[in-house]
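This report concerns the sheets, helix packing, backbone outliers and salt bridges of a single model. The sequence and structure are shown first.

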Amino acid sequence: MTRIEGREIAVGAEKGEDAKIAAFIKPYHDHIEADMSTVLAVAPVAIDKTGQWQTPIGNLFADATLQKTDSIFLKRQGRHLDFCMLNSGGVRSIIPAGDVTMRTAYEIMPFENSCIVAEMKPEQIQEMVTYIIGEKKPHPLSGISFSIGKDGRASDIVIAGKPLEANRTYYCVTNDYLYLGGDSMVFFAKGPKSYPLDYKLRNVLIDYFKQVDTVVAPTNPRITVE
């Protein structure tokens, strides 16, 4: 029987960096730094996370996702998307005033989540809205709005500019983490079908920033409270 022994070797800064390794890494480091510092757009004012039911950065993220994925879905499936829902915890940073860079997109969305479209029936949407009210978090929404009454129930659900219709199938773009039940959002996968778009949320932001040149937060309300 072979005996294997080990011991802990502490790693500290007292010996400094290895000059050969540092020299080997430097070209790659410099290349990445140059890419990350590339200016994609400008934000006249900071776009932050303030707000109880919706935030400027959340509204922007959801609007950008719906806009950039709709054309892909239309080309592949011959129909438009109806709305978008993301999660507030997935928005990891704000957009400071000034230059919007590649690094900004990575700071907002450091995860490798990709966009996916879920077919949803009205009962799933009702479950989703109830979830949002119960969570009391500003989950990013686009293409859908509703009111919260004094009884805590949702009313006046509007999707793609029209009241919620019975017996209709809706198409919601979200991310794969949420579709698989992340953050207890189990309602997405209850639908009959899904459509992966092979489009990372981070790339959505990068493409959106390049498109708009000047980044301004949308102000139209998604959730109102009576």
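The sections below treat the two sheets, then the backbone, then the charged pairs.

The model is predicted, with local features requiring pLDDT of at least 70 and side-chain atom pairs counted only at pLDDT 80 or more, while totals for chains, interfaces and linings use all residues. Residues are numbered from 1 along each chain as its sequence is written, and side-chain values use heavy atoms, with hydrogens and water left out.

**Sheets and packed helices**

Helices (H or I, at least four residues) and strands (E, at least two) are DSSP runs numbered from the N terminus; two strands count as paired if DSSP finds at least two bridges between them. Strands of a sheet pair through backbone hydrogen bonds, in either a parallel or an antiparallel sense.

An open sheet of five strands follows the order E5-E2-E9-E4-E10, and its pairing is mixed. Strand E5 (141-142) and strand E10 (194-200) are at the edges with a single partner strand each, so one side of each has no neighbour in the sheet. Within this sheet, strand E4 (residues 114-120) and strand E9 (residues 170-175) are antiparallel and share six bridges; Ala-118 is placed opposite Cys-172 of E9. Helix H6 (residues 201-212) packs on the sheet and touches E4, E9 and E10, its direction making about 60° with that of E10. Helix H2 (residues 56-77) lies across strand E2 (83-85), E4, E5, E9 and E10, and runs at about 115° to E10. For such packing, contact means heavy atoms within 4.5 Å; axes are lines fitted to C-alpha atoms, for helices over the stretch in contact, and angles run from 0 to 180 degrees between N-to-C directions.

A further open sheet, also described as mixed in its pairing, has four strands in the order E8-E7-E6-E11. Its edges are strand E8 (162-163) and strand E11 (223-225), each of which pairs on one side only. Strand E7 (residues 154-159) joins E8 in the antiparallel sense through two bridges, with Val-158 opposite Pro-163 in E8. Helix H4 (residues 122-135) lies across strand E6 (144-148), E7 and E11, at about 55° to E6.

**Positive phi angles**

Asp-156, located in strand E7, has a positive phi of about 55° although it is not a glycine. Asp-183, in the loop between helix H5 (176-179) and E10, is another residue other than glycine with a positive phi, near 60°. Accessibility is classed as buried under 20% relative accessible area, exposed over 50% and partly exposed in between (1.4 Å probe, protein chains only). Asp-156 is exposed at 54%, whereas Asp-183 is partly exposed at 32%.

**Salt bridges**

Side chains of opposite charge can pair when their charged atoms come close. A salt bridge here is a side-chain nitrogen of Lys or Arg within 4 Å of a carboxyl oxygen of Asp or Glu. The whole structure contains seven salt bridges, including those tabulated.

| Pair | N to O distance |
|---|---|
| Arg-222 and Asp-63 | 2.9 Å |
| Glu-127 and Lys-190 | 3.0 Å |
| Lys-137 and Glu-135 | 3.7 Å |

Arg-222, in the loop between H6 and E11, and Asp-63, in helix H2, link distant parts of the chain, 159 residues apart. Arg-222 is buried at 3% relative accessibility, while Asp-63 is partly exposed at 23%. Glu-127 belongs to helix H4 and Lys-190 to the loop between H5 and E10, so their pair ties together parts 63 residues apart in sequence. Glu-127 is partly exposed at 27%. Lys-137 is partly exposed at 39%, and Glu-135 is partly exposed at 28%. Asp-82, Glu-165 and Arg-168 are joined into one network by salt bridges that share partners.
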